[in-house]
Each structure stands twice: as C-alpha cells, then as structure tokens.
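This report goes through the voids, some individual residues and the aromatic pairs of one protein chain. The sequence and the structure come first.

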Amino acid sequence: MKPGSAIALALVLSGASGVAAAQGIALGAKAGTNGLGLEATLGMTETLNLRGGIYGLKYGYDFEEEGIDYKGDLHLQSAAAMLDWHPGGGGFRMTAGLFYNGNELKGRAAGDLEIGNDTYDVRLDATVDWTDAAPYLGIGYGNAVRGGRVAFALDAGVMFTGSPDVRLSATGPGTSDPGFEDDLRREEQSLKDELSDFKLYPVVSLGVTYRF
C-alpha cells in the first residue's frame, strides 16, 4: 500500500473519532474478493457509521490473453473510507465510499511467442493495474457498533475502477529482431482494447466485528 494512502485513511478515522466515541467503536476482520482485511467502524449517529479498512492478499493466477499463456500473480492491496447508512438503525446498510485501489496483475511468458505480426524468442512480462482512486457503492448487513459485542458482517458492492492500464516489456534474443518494438506496442494496445470493458471490480466479503 502506498504510504500516502494509509496516512490519509488514518487521518479520516482519527478526525471522526471525537464525534464517534459516544456512539461506539468496533474492530473487525474480513475475508473476500479484496483479500483479507482489518476494519474499524465509528458510530456517528443512530443511523450513520464511518468505516475504514485495509485489505490485501497475493496468490498465483495464470491467464491467457491474445494466444499467450501467462504464469501470473494477483496482488490485492487496497484501503477504503466508507459511510454506512442504516435505515431505522437496523442491521441492513447502504454504503458509499472511496477505495485506494492498488490491485495489480503481473504475468510472464517465455519461448517462441506470437507478438503482433510475428513470432519471437523472448520473455514477456505483463503488468495490468487500475486507477488509484475507485469510488464504491454497495449494500450489506451488520451494525458493528449496535447490538451485541460480537457481530457478523456481509458486504456486496462494486468498485468503479475504470479501464485497466496494460504495460508489456520483453527481454531475450528476439528483442533485437527488426520490427520487434513495433509489434510489442501493437500487442500492448491489443491487450488494452481487449480489457477495456473491465471497469468494475466486484466486492463481496464476510467478517466478524467486536464492539468496545
């Protein structure tokens, strides 16, 4: 996670703590499509809670694009500041917020690869990432600062990530071939075009919270 994003999240939470102390404070652990996470919930009014969290996970993720098989790794890393509205003060909530989105997919392929209009003996490295700031809308169930000390939480929503950015780099004997650089740029643009519709990232998570 970028240091500036973590600091900004901490400032948001600390700035609200004076208001929230009278309404309750809770900590929680989450697992879901953003990885494993820790959250803090601050009660502001009977129906509004401020929630912040940090999330992350890394695991192997192989994929195929443009006829090339990549061995890859998906790095999940994000932080969020969210406002939960609980109509009537119950468990159901509607959420709006902003994520720092550090999610990144890295892949590598080697051998005789068809790149652009020709075949080259290279190692190809691909990086796919998204805009840092991603608005979030969702719904959920569970009010961490009301009811019992221990509660369960469910969230479902989407991060508006925008179209991904794709970067390709290569090493190996094929990189010295005439026309390779032009073919590499064509391959990069083709990947961008193919992935351009992936502008939303689904967020689904389950967790448990403890109220102090």
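What volume does the largest pocket have? The largest pocket has a volume of about 460 Å³. The model behind this value is predicted.

**The largest pocket**

The lining of the largest pocket comprises 21 residues, and those nearest its centre are Tyr61, Leu105, Trp130, Leu195 and Phe198. By class, 18 of the lining residues are nonpolar, 2 are polar and 1 is charged. Strand E4 (63-65), strand E5 (68-85), strand E8 (118-129), helix H2 (180-195) and E12 each give at least two residues to this lining.

**The chain as a whole**

The chain holds 2 helices and 12 strands. In sequence order the pattern is α-β-β-β-β-β-β-β-β-β-β-β-α-β. Of the 212 residues, 41% are buried. Among contacts with a separation of 6 or more, 67% are between residues 24 or more positions apart. The exposed area of the chain is about 10,600 Å², and carbon and sulfur atoms supply 61% of that area.

**Cavities**

Rolling a probe the size of a water molecule over the atoms shows where empty space is left. In the whole structure, the search finds 2 cavities of 30 Å³ or more. The table sets out the volumes and the classes of the lining residues.

| Void | Volume | Lining by class |
|---|---|---|
| Largest cavity | about 120 Å³ | 7 nonpolar, 5 polar, 4 charged |
| Second largest cavity | about 90 Å³ | 4 nonpolar, 6 polar, 5 charged |
| Largest pocket | about 460 Å³ | 18 nonpolar, 2 polar, 1 charged |

The largest cavity has 16 lining residues, with Asn34, Glu39, Tyr55, Val203 and Ser205 nearest its centre. Strand E1 (25-32), strand E2 (35-43), strand E3 (48-60) and strand E12 (200-211) are the elements that give two or more residues to the lining of the largest cavity.

The second largest cavity has a volume of about 90 Å³. Its lining has 15 residues, and Thr41, Arg51, Arg93, Gly142 and Ala144 are the closest to its centre. At least two residues of that lining come from each of E2, E3 and strand E10 (150-160). Which element gives the most to the lining of the second largest cavity? That element is E10, with 3 residues.

**Asn143 and Gly140**

Asn143 sits in the loop between strand E9 (133-141) and E10. Is Asn143 buried or exposed? Its relative accessibility is 8%, so Asn143 counts as buried, the cut-off for buried being under 20%. Beyond its neighbours within four places in sequence, Asn143 contacts Asn49, His86, Gly89, Gly90, Gly91 and Arg93.

Gly140 lies in strand E9. Gly140 is buried because its relative accessible area is 9%. With neighbours within four places in sequence left aside, Gly140 is in contact with Gly91, Phe92, Arg93, Leu154 and Asp155. Gly91 and Arg93 are thus among the contacts of Asn143 and also among those of Gly140. Along the chain Gly140 and Val204 are 64 residues apart, and their C-alpha atoms are separated by 9.4 Å.

**Leu98**

Leu98 belongs to strand E6 (residues 92-101). At a relative accessibility of 45%, Leu98 counts as partly exposed. Not counting residues up to four places away in sequence, Leu98 touches Ala79, Ala80, Ala81, Ala133, Ala134 and Pro135. For one of these, Ala134, the C-alpha to C-alpha separation from Leu98 is 5.8 Å, while the two are 36 residues apart in sequence.

**Aromatic pairs**

How many aromatic pairs does a search of the whole structure find? The search finds 6 aromatic pairs. In one of them, Tyr61 and Phe63, the ring centres are 6.4 Å apart and the planes are at 25°, so the pair is stacked; the cut-off for stacked is under 30 degrees. Tyr61 has a relative accessible area of 40% and is therefore partly exposed, whereas Phe63, at 13%, is buried. Tyr61 is also among the residues nearest the centre of the largest pocket.

Elsewhere, ring pairs link Tyr55, Phe99 and Tyr136 into a cluster. Tyr55 is also one of the residues nearest the centre of the largest cavity.

How values were computed:
Residues are numbered from 1 along each chain as its sequence is written. This is a predicted model: local features need pLDDT of at least 70, side-chain atom pairs count only at pLDDT 80 or more; totals for chains, interfaces and linings use all residues. Side-chain values use heavy atoms; hydrogens and water are left out. Helices (H or I, at least four residues) and strands (E, at least two) are DSSP runs, numbered from the N terminus. Buried means under 20% relative accessible area, exposed over 50%, partly exposed in between (1.4 Å probe, protein chains only). Contact means heavy atoms within 4.5 Å. Accessible areas come from the Shrake-Rupley method with a 1.4 Å probe; for residues, only the protein chains shown count as cover. On a 1 Å grid over the protein atoms alone, a cavity is a set of points where a 1.4 Å probe fits but cannot get out, and a pocket is an open set with protein on both sides within 12 Å along at least five of seven lines; lining residues have an atom within 4 Å of a point. Grid points are joined across faces, edges and corners, and a volume is the space filled by probe spheres set on the points. Ala, Val, Leu, Ile, Met, Phe, Trp, Tyr, Cys and Pro count as nonpolar, Asp, Glu, Lys and Arg as charged, and the others, Gly among them, as polar. Rings of Phe, Tyr and Trp (its six-membered ring) pair if their centres lie within 6.5 Å; planes under 30 degrees apart count as stacked, over 60 as edge-to-face and the rest as tilted.
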